[in-house]
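Here is a walk through a structure you have on screen, written for someone who would rather be at the bench. Keep the viewer open and follow along.

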Number of protein chains: 4
Amino acid sequence: MRIGVLTSGGDCPGLNAVIRSVVHRAVVDHGDEVIGFHDGWKGLLECDYRKLDLDAVGGILARGGTILGSSRVQPAHLRDGVERAKGHVADLGLDAIIPIGGEGTLKAASLLYEAGLPIVGVPKTIDNDISSTDVTFGFDTAVGVATEALDRLKTTAESHQRVLIVEVMGRETGWIALHSGMAAGAHAIVVPERPFDIGELTELVGKRFSAGKRFAIVVVAEGAKPREGSMEFDVGGKDIYGHQRFAGVARQLSVELEERLGKEARPVILGHVQRGGTPTAYDRVLATRFGWHAVEAAHRGEFGMMTALRGTDILMVPLAEAVETLKTVPAERYAEAECVL
Amino acid sequence: MRIGVLTSGGDCPGLNAVIRSVVHRAVVDHGDEVIGFHDGWKGLLECDYRKLDLDAVGGILARGGTILGSSRVQPAHLRDGVERAKGHVADLGLDAIIPIGGEGTLKAASLLYEAGLPIVGVPKTIDNDISSTDVTFGFDTAVGVATEALDRLKTTAESHQRVLIVEVMGRETGWIALHSGMAAGAHAIVVPERPFDIGELTELVGKRFSAGKRFAIVVVAEGAKPREGSMEFDVGGKDIYGHQRFAGVARQLSVELEERLGKEARPVILGHVQRGGTPTAYDRVLATRFGWHAVEAAHRGEFGMMTALRGTDILMVPLAEAVETLKTVPAERYAEAECVL
Amino acid sequence: MRIGVLTSGGDCPGLNAVIRSVVHRAVVDHGDEVIGFHDGWKGLLECDYRKLDLDAVGGILARGGTILGSSRVQPAHLRDGVERAKGHVADLGLDAIIPIGGEGTLKAASLLYEAGLPIVGVPKTIDNDISSTDVTFGFDTAVGVATEALDRLKTTAESHQRVLIVEVMGRETGWIALHSGMAAGAHAIVVPERPFDIGELTELVGKRFSAGKRFAIVVVAEGAKPREGSMEFDVGGKDIYGHQRFAGVARQLSVELEERLGKEARPVILGHVQRGGTPTAYDRVLATRFGWHAVEAAHRGEFGMMTALRGTDILMVPLAEAVETLKTVPAERYAEAECVL
Amino acid sequence: MRIGVLTSGGDCPGLNAVIRSVVHRAVVDHGDEVIGFHDGWKGLLECDYRKLDLDAVGGILARGGTILGSSRVQPAHLRDGVERAKGHVADLGLDAIIPIGGEGTLKAASLLYEAGLPIVGVPKTIDNDISSTDVTFGFDTAVGVATEALDRLKTTAESHQRVLIVEVMGRETGWIALHSGMAAGAHAIVVPERPFDIGELTELVGKRFSAGKRFAIVVVAEGAKPREGSMEFDVGGKDIYGHQRFAGVARQLSVELEERLGKEARPVILGHVQRGGTPTAYDRVLATRFGWHAVEAAHRGEFGMMTALRGTDILMVPLAEAVETLKTVPAERYAEAECVL
């Protein structure tokens, strides 16, 4: 068999572990050939690739980033390129293509599958917003990095009597905020799924101070927004790719809370450290399993599917379903975290 | 409601997170009273306890160990004490008892439930050997610690042309070996579920050297044993509690491999570091959820059950079922790891 | 002897280790009594303190922050309070006062010593800007945190073809930038001691791209400024304490570099995580030694001095000298780092 | 100029950082050529080497181990090979040779310098036992790894009422034991420089239990020995290289202490994890500076010297002096640690 693999979209710890696993399983166990396209879909469209043998994936298991590079391709651009992609796939004699990526990538994968390409997807997202899988690799690392930072910030806030507003990743969903906030014992967790009322939030934090506590930690997802009319809020604009560029909810919240509480409040924006670097053991194992099962699915001819974790099992689920809806934080999960306020 | 909580058995990162969560949920949200028994079942038998309010659990979320202490109680001793325990529970006016522990603890919990006590169990084990739950807290931390050590050892082995035999925890099951071995890219993983043949293992490692590699990492669970007749093997004796005291499989393997391969082989025994210290974010979230749901179960009067993770949900499962069989590494999971050899 | 200890100024990993060491050495070895003033100089001025015995400092060695709390007191306020402070010291029968703090604290300490108080200072600064000592505790931890973040960011920048401008702490001096930049192999290091020319910086980073590299990491100290006329620059205003509030050099640099290079450039501001959390082993040892030697100095009656590291020895140096000049990055040290560009 | 570099002796975090720094400084700043000999002196004796350009050292700064490999060569073998080495150096047109290694390597380096070779040494040792330099790279990482393990073990010992005897590296000197023990707040620190009396040690640990504490942590250097006649002790034998192979002081101590104290005592042997893996920021900076200054010394023609840290400066010191005596833990340093017992 001849398999092409590519990584697309934002960075995510574990991408290299998937690539390595695909190559190990395919080359060692099946005697396949594997090539890697450079910079995501771009590599497929421009037929820019290299051969991936065992040496090519030596020592990458624990490395962040992706040895294949990544890029964002606009959907329209990809749609126009379907025929070109099919041509390259035919020329290269590929029997399967394994794109590793987030929601956008998987939508594109679904499209290409419907156009006739033999696609087996592998979901990746640090945000944990992909339906049909319990979780994907990258999320555990992101939560771990955020939690470690929160652990550090807590001692500072406590000694110096501050409110710290810590902004973590999550544009549409609050999973990282929820999990890191629970893990670090944050005093309030603000997620995009539940627009916040600044008055209520102030009261919540204020109660801690009334109870004699000297500090508070608020974790806020970057995509969180106030309830309509709750406070003035700059939502930011669009960047050149049409993506939302946020104006900084932590910054705006800290100004507002400082004023309302009369306590020093400071924003901390964790940013890209959450997406880089060595993956946790959890993410490496999951990524390795995804790669392994993607190769198996290819050999079974199960195309138009993606790998998914359900409990402790890896299953294949239809790409089309997987990208239908975003997985958001449900009310019950949020309720579990409220007890820590 | 009045709830008693206790921790029993070996150390496990996340115990304090459960205790804290029980107190938060019960005291803040339900207005319950919570007491903590000291040193596991011993505290219940001797009516040795203290009140747990919010201050008592302040700052413990990220701390290893257990603020309540733990101990091992021999089953016979506990059986003899059932009436005494019932008396203390009545005297203290307890409506629920939440024991947090491993297989032995849960068996005892099942026994006490059958004797009429209002038990809601919370499973803990770094070994991941409890059936009925996808995983429990502690395992992720143990795997993380082992993986970090393996990452470090790999560079040393590589530069210095060695075979390192790294012994991780796991007396009956090889889960820590499997996951840390996969996460770190070990070249062989040896688990108790599959007695090893020293000849095959030598050949496997030897192939790496024949292929021009200069080092190898073998991960071995402490309870692994050679296939009958495969090599001389000292299985160790029993300690004063009747527990198996292992003679050191890594040590014996390294001597044997050094001789057979003619390469420097060294054992590394990771030991107790795998059970101590701050839990990973994953374990803190899971432990917090377990504590929350145990309190809810108590309020719903669901006794004789324990918390369990299934997929992303926390369910209650019967204690009796949970401890019936040990969860061992199945062949399919082992096969996934073989590809990394 | 009766000793008072206090912590003052911004947070710094290792404060608790000094407090613990003072108590251990004084109480256990000398049979002294130790009290701790709350919230820095404020505690001394308001006679707000508590007794510190061995139990009070149990388990704090590895904890960030300060169990005594801290605050910033304006110099004028302290000057007005000298007589009050002297009165409290006399009332409490204190034979020595050990203030642990940065430049501002040590200046205040010097003032109080000249006013007749028995002061032994312990220097702390994550910025490494105190003269007369090779280094103080806190710096190693801050550099470690920054380096770990840079390690993570590097893989992301590489895979995603970006310029990342990473802002680390350092208002007047570039030590954290220099050390973390060297440790992580940054491609440019920008420090306050050397106003940067935006043209030169662009050229430097641009050369990497011309040479075929796909990314660059620039580390910049928060207090760095462009050379006069080099680019428009918002230096920010003063906060309510009269401290400089920076407008964000990384943010401004990233906009400018993106435009000039035509490459995606993103700012990352590490912020307060650099000052919080568990100290490195290095900082714990140094902090412990400082506490030990401060007690010894007090017993020898060496007042008006502070502890200092010189090579591997702890010496006592006059407070007055220590705060005379800020320790800045010398040209030779900067030159050593240039080779990594 | 044409420079040869090699790494010799046991593994040490920071070796790659030195190699990288030598290449950066030499190639980029001086326009030199650099070659790297494989597997230490062996590479020089067998003229086995490769060219080291910028690409060859890309991405290695944070990596443990050594890309050049290492080996132990017996002194006699090297002495016999001096003429051969000189021949290779002449053939290759080398103007300088930079061996990076520990005591044995530096002795060999001194010998070769006296035989006429242009040697500039760079000291490495995780043990911190090389005189003439305040410290070398590798030690900080080893202490950090040991301290992190001790932090973890402390919570376990505390919850489970144990004495843990933790064996760290250090055959001749107790620096790692001293620093990690101080950093983690160990209750006893046992070093080779001071043979221990088992009775005194038992008493010391026993006092903790009498005072109501439930656990104790003893850090012991692998080379520690009991005072003559204090207890039976197996010192172990020699390995095939004539090196001491220790029989395990922690194991022997734990048996003895368990018996004498009547408390569960367990040994933990940290082993090779202390020498592997990514170096701390401190070690990376020091290693980078050593590499830089070694190249400068070569260009100034200062041969027969090695780099050394004195305070914050890098100096060159004669190789002959540096290896004359081992740097042991002095009484004053040990006394500082006693206060934490």
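What follows is a short report on a predicted model, starting with one chain and moving on to how the copies are arranged and to a few individual residues.

## Chain A as a whole

Let's start with the overall build. Chain A contains 12 helices and 13 strands. Its C-alpha atoms fit a box of roughly 70 × 35 × 30 Å along the principal axes. Is that in keeping with a compact globule, and what radius of gyration does chain A have? For 341 residues, a compact globule would come out near 20 Å, and chain A has 22 Å, so the two agree.

The inside of the chain tells a similar story in other terms. Of the 341 residues in chain A, 64% are buried, where buried means a relative accessible area under 20%. If you take the contacts in chain A with a separation of 6 or more, 74% of them are between residues 24 or more positions apart.

## Surface and charge

Now for the outside. About 11800 Å² of chain A is exposed, and 48% of that comes from carbon and sulfur atoms.

As for charge, chain A carries 37 positive and 46 negative charges. How far apart are the mean positions of the positive and negative charges? The answer is 4 Å.

## How the copies are arranged

Take chain B and chain A to begin with. A turn of 180° with a shift of 0.0 Å along the axis lays chain B on chain A, with an RMSD of 0.0 Å. That is how a two-fold axis relates two copies. If you want a landmark for the rotation axis, go to B:Gly311: among the residues of chain B, this glycine comes closest to the axis, with its C-alpha at 1.9 Å. The copies meet through the same surface, because 97% of the interface residues of chain B are interface residues in chain A as well.

Chain B and chain D can be superposed in a similar way: the turn is 180°, the shift along the axis is 0.0 Å and the RMSD is 0.0 Å. Here 100% of the contact residues of chain B recur in chain D, so the same surface serves both copies. Some pairs don't touch, though. Chain B and chain C share no contact, and their closest C-alpha atoms are 11 Å apart. Chain A and chain D have no contact either, again with the closest C-alpha atoms 11 Å apart.

## Two residues with positive phi

Which way does phi go at A:Gln161, positive or negative? Phi of A:Gln161 is positive, at about 55°, even though this residue is not a glycine. You'll find A:Gln161 in the loop between helix H6 (139-160) and strand E6 (163-168) of chain A. With a relative accessible area of 28%, A:Gln161 is partly exposed.

C:Asn128 is another non-glycine residue with a positive phi, near 65°. This asparagine is in the loop that runs between strand E5 (120-123) and helix H6 (139-160) of chain C. Is C:Asn128 buried or exposed? C:Asn128 is buried, since its relative accessible area is 5% and the cut-off for buried is under 20%.

## Loop residues and a helix residue

A:Ala62 belongs to the loop between strand E3 (49-51) and helix H3 (75-80) of chain A. This alanine is partly exposed, with 25% relative accessibility. A:Ala62 and A:Pro13 are 49 residues apart along the chain, and their C-alpha atoms are separated by 8.7 Å. Setting aside neighbours within four places in sequence, what does A:Ala62 contact? The partners are A:Thr278, A:Pro279 and A:Arg284.

B:Gly304 is in the loop between helix H10 (281-300) and strand E12 (305-310) of chain B. This glycine is buried, with a relative accessible area of 7%. Beyond its neighbours within four places in sequence, B:Gly304 is in contact with B:Tyr113, B:Ile119, B:Val317, B:Pro318 and B:Leu319. B:Ser8 is 296 residues away from B:Gly304 along the chain, and the two C-alpha atoms are separated by 17 Å.

For a helix residue, try C:Glu203, which lies in helix H8 (residues 198-210) of chain C. C:Glu203 counts as exposed, at 55% relative accessibility. Its C-alpha atom is 9.4 Å from that of C:Arg260, a residue 57 positions away along the chain.

Technical notes:
Residues numbered from 1 in each chain as written. Chains lettered and ligands numbered in written order. Predicted model: local features only at pLDDT ≥ 70, side-chain atom pairs only at ≥ 80, totals over all residues. Heavy atoms only, no water. Least-squares fit on C-alpha atoms with pLDDT ≥ 70 in both. Contact = heavy atoms within 4.5 Å. Helix = DSSP H or I, 4+ residues; strand = E, 2+ residues; numbered from the N terminus. Rg over C-alpha atoms; globule rule 2.2 N^0.38 Å. Buried < 20%, exposed > 50% of the residue type's maximum accessible area, 1.4 Å probe, protein only. Areas by Shrake-Rupley, 256 points an atom, 1.4 Å probe, with all protein chains shown as cover. Lys, Arg positive; Asp, Glu negative; His and termini not counted. Charge placed at Lys NZ, Arg CZ, Asp CG, Glu CD.
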